[in-house]
Amino acid sequence: MDVAKKIQSKFGKKVELAQRSPKRLYILVDKGDLPSVARYLFEELQARFCTASAVDTRGGIEILYHFFFDELSLMVSLRTLVPKPSPQIESIAPFLKGAEWIEREIADLFGVRFVGHPDPRRLILPDDWPEGEYPYLRRAD
Amino acid sequence: MRTTIPIGPYHPLLEEPEFFKLVVEGETVVDMDVRIGWNHRGIEKIAEGKTYDQVIFLVERICGICSTSHPIANVLAQEDLAGAEVPERAQYIRSIVAELERLHSHLLWLGLAGHFIGYNTIFMWVWKYREPILDLFELITGNRNDYAMLRPGGVHRDIYKRDLPAIRKVMDELEPANEMLTKAILDDPVMGARLKGVGVLSKEDAIRYCVLGPTARASGVDIDVRRDEPYAAYDKVEWKVIVQEGGDVLAKAVVRLLENFESIKIIRQCVDRLEELPEGDIWSPIPQMPVGEGIGHEEAPRGECLHYIRSDGGNYPLRVKVRAPTYNNLPSFEASCIGETISDVALITAGIDPCYCCTERMAAVYDSSDKRLYDWQDLVRLSQEKTEKIRKELGR
Amino acid sequence: MGLKSWSLKRSPWIFHVCTGSCNNCDIELLDCLTPKFDVERFGILLVGSIRHADALIVTGAVTRQAAPKLKYLWEQMPKPGLVIALGACGCSGGIFRDSYNIIGPVDRIIPVDVYVPGCPPKPEAIISGIVKGLAKL
């Protein structure tokens, strides 16, 4: 199964593929298309969702969703950029139960709002942590 | 009548202190909620202020039991980022340390599981057999935990020829002990009655919750990073992935017990190879971290452990993301606990092996509708009483 | 020596709390109870409630969430009692000192009698720490 080809033919211009090494495939998608690509990977191609990671960059908050194909030993990372301020993106947790916690964590630490998340409570920061303060955002200096 | 039972935030089975809220009707659990974060230390943020070498020491202290898993995942991410090669001898040493860790971690789990069903004999026995492994760690790495063996591009310390017989000896002693434990658990009818069918996590749920490691393999999901993306020396030795179909606590125990045999097998082969390879060639330095990103993942005793590193070409990483296996396994309680009786909750919680951290401490919260209070010790007592009941029924 | 201190020295019961440690100290503490070290021989017992305990062993670098609970525990502890900070994190904050979510080390929250350094301290060191603490009484 050639994952890269399948994704390319399915989504065409919506995705931009970058094969770093035989085992690592990075796909740049627009944040609006992300849920559909993630859903395709998880439900059709049966990839295992590992986790998501966010990083604060100049252009906005970059979120990577890591999927792993166990039989192919291929790590596919969906990269998307969520512009600041008041970053928000559609949640993938409604169809991907395993993403529920990590989205709550990113919301805690980076202040990204996941639209449609079934349970958007605080996960890892203390309850008395000040609202609107996100420890992983870089100061604008 | 519905009763809410708080467990935690400090209780003995969880890697981090966590807060569970169980809602029970009579004896049956109908709903539950988990709140984590009591142990949140901001490690990923601290890592941004450490050099690449120092990050290894930091991630080693994420979890004391997986204190080789996180460094391995981290150096794999760094090597993925830099495209570095690792000397063959270092690969074998990594495998030996990782498998020794798996052995001690699985034994630790087995002991605690024994304690929770009221078989304290198993607890004491198993921990007795675990002790030689820690002594072995002290011999080859210099510390009982937190081994500081890993470094990007290799390992810090060689395992010398003079220490190899000691490793072999411990393995030779551990194998019959593990065999005895396996038999003691699998052939005991009380154990069977107590563990079978408890806390079943179906294959569909396992995939839906993206669970990892022994929790997934006990539910028939055939994943193991050691085989699927070989790192260290796992593609150079003979071993097999243990998969069970049951999904209950018994299946999880079987997976761990049988994995111990595989670990012993792997260590023996690695030791044999170390004998042949020349000493000293254990590190190839990475001169400079390029700009870019890397992902490293490896099979910790509890499942896949994943690290993501972003670099801007400087001395410090821009971002280190850590995903520990329990993070994915924990939400699956929702699927495996609901519908079970409250006397099984302690056991099911133990089933996924959230690493042991905090000894008993309960939040004293009164529910307005019912003044009955349980604490973790009560749950353990309930569990132990149930075992006792089964034992009497079976006439043993 | 008063009656209270005298009786305290005989078989100290221990309550253990983790305030954000990495497990290592906790496991090593538990290791003290298992056959190789077996401190129960000397009457040292891990108990489930602070109200029964003579000594409070604290591991970890005290996270923001844990600090009020640690203080609350100490207030409930029968006095006189020993407080033992276990491990590098408990003594000084260790590697986690600079984190945004850490307000420890332990002695910033409650008074500490004995410090047992090490990452993690060996079971022998833990036993020695308890014994030294008892000698102090």
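Visitor: Over how many bridges do strand 1 and strand 2 of chain C pair?
Guide: A word first: this is a predicted model, where local features need pLDDT of at least 70 and side-chain atom pairs count only at pLDDT 80 or more, while totals for chains, interfaces and linings use all residues. Residues are numbered from 1 along each chain as its sequence is written, with chains lettered from A and ligands numbered from 1 in the order in which they are written. Strands (E, at least two residues) and helices (H or I, at least four) are DSSP runs numbered from the N terminus, and two strands pair if DSSP finds at least two bridges between them. Strand 1 of chain C, residues 13-18, runs parallel to strand 2 of chain C, and the number of bridges is two.

Visitor: Which residue of strand 2 of chain C stands opposite Trp13(C)?
Guide: Strand 1 of chain C covers residues 13-18. Opposite Trp13(C), in strand 2 of chain C, stands Leu45(C).

Visitor: Why is one side of strand 2 and of strand 5 of chain C left without a neighbour in the sheet?
Guide: The open sheet of chain C has five strands, paired in parallel in the order 2-1-3-4-5. Strand 2 (45-46) and strand 5 (114-116) of chain C are left with a free side because each stands at an edge, with a single partner strand.

Visitor: At about what angle does helix 5 of chain C run to strand 5 of chain C?
Guide: Angles run from 0 to 180 degrees between N-to-C directions, using lines fitted to C-alpha atoms, for helices over the stretch in contact. Helix 5 (residues 123-136) of chain C lies across strand 3, strand 4 and strand 5 of chain C, and its angle to strand 5 of chain C is about 170 degrees.

Visitor: How many charged residues are on the side of chain C that touches chain B?
Guide: Residues are in contact if their C-beta atoms, placed from the backbone, lie within 7 Å, and here 28 residues come from chain C and 32 from chain B. Strand 1 and helix 2 of chain C each supply at least two of the chain C residues. Ala, Val, Leu, Ile, Met, Phe, Trp, Tyr, Cys and Pro count as nonpolar, Asp, Glu, Lys and Arg as charged, and the others, Gly among them, as polar. The chain C side has 14 nonpolar and 10 polar residues, and its charged residues number four.

Visitor: Which residue is the bridge partner of Glu16(A)?
Guide: In chain A, strand 1 and strand 2 run antiparallel, joined by six bridges. A hairpin connects the two through two residues. In strand 2 of chain A, the partner of Glu16(A) is Leu28(A).

How values were computed: Two residues are in contact if their C-beta atoms, placed from the backbone, lie within 7 Å.
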